Amino acid sequence: QVQLMESGGGSVQAGGSLRLSCTASGDINSHPFMAWFRQAPAKEREGVAIIISGSGVTDYADSVKGRFTISEDKVTNMLFLQMISLKPEDTAMYYCAAGFVWSMETRYFPAWGQGTQVTVSS
């Protein structure tokens, strides 16, 4: 069982930056893949970034490549998402998740946080 909790969301103007954090506890070592997802109103939840825990290997959705960076701190069991050059279309609830597969499909991630809201105004 894994428990996740996001923080760091807020409201920014277009072009601004935010850094999201996710604290993890429980049997996190049994979940080798950590990821960030987001969901805007009336839209499906989509994968944003994924990392193979302990490896530094990452992948990103095309919409955020070059602007978002996923990272982790294995000492503190923290996951981060650094977001720069934010756009209004980045507005969404952002979730961290832990899973078992190299994939950004929601069905492969059984553990989720409650989300943190990111709002980007033009």
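Let's start with β9 and β10: in this predicted model, strand β10, residues 111-112, pairs with β9 in the antiparallel sense over two bridges. Look for A98, whose bridge partner in β10 is A111.

β9 has other partners too. Three bridges join β9 to β11, and these two strands run antiparallel. Here the pair to pick out is Y94 and T116, the latter being the bridge partner of Y94 in β11. Then there's β4, which runs antiparallel to β9 and is joined to β9 by seven bridges. On that side, F37 stands opposite Y95 of β9.

With those neighbours in view, check how covered the strand is: seven of the eight residues in β9 are buried.

Now zoom in on Y94. Leaving out residues up to four places away in sequence, Y94 touches E6, L20, F37, R38, V48, F68, L81, M83, G115, T116 and V118. That list takes in T116, the bridge partner we just met in β11.

Y94 also leads us to the largest nonpolar core, a set of 30 residues. Within this core, the residues with the most contacts are L4, W36, L81, M83 and Y94. Plenty of strands chip in: β1 (2-7), β3 (18-26), β4 (33-39), β5 (46-52), β7 (68-73), β8 (78-83), β9 (92-99) and β11 (116-121) each supply at least two of its residues.

There's a second core as well, separate from that one and made of six residues, including F33, F37, I50 and F109. F37 is a handy link back to where we were: this residue of the second core stands opposite Y95 and is touched by Y94.

Notes. Residues are numbered from 1 along each chain as its sequence is written. This is a predicted model: local features need pLDDT of at least 70, side-chain atom pairs count only at pLDDT 80 or more; totals for chains, interfaces and linings use all residues. Side-chain values use heavy atoms; hydrogens and water are left out. A nonpolar core is a set of buried Ala, Val, Leu, Ile, Met, Phe, Trp, Tyr and Cys residues joined through side-chain atoms within 4.5 Å. Buried means under 20% relative accessible area, exposed over 50%, partly exposed in between (1.4 Å probe, protein chains only). Helices (H or I, at least four residues) and strands (E, at least two) are DSSP runs, numbered from the N terminus. Contact means heavy atoms within 4.5 Å. Two strands pair if DSSP finds at least two bridges between them.
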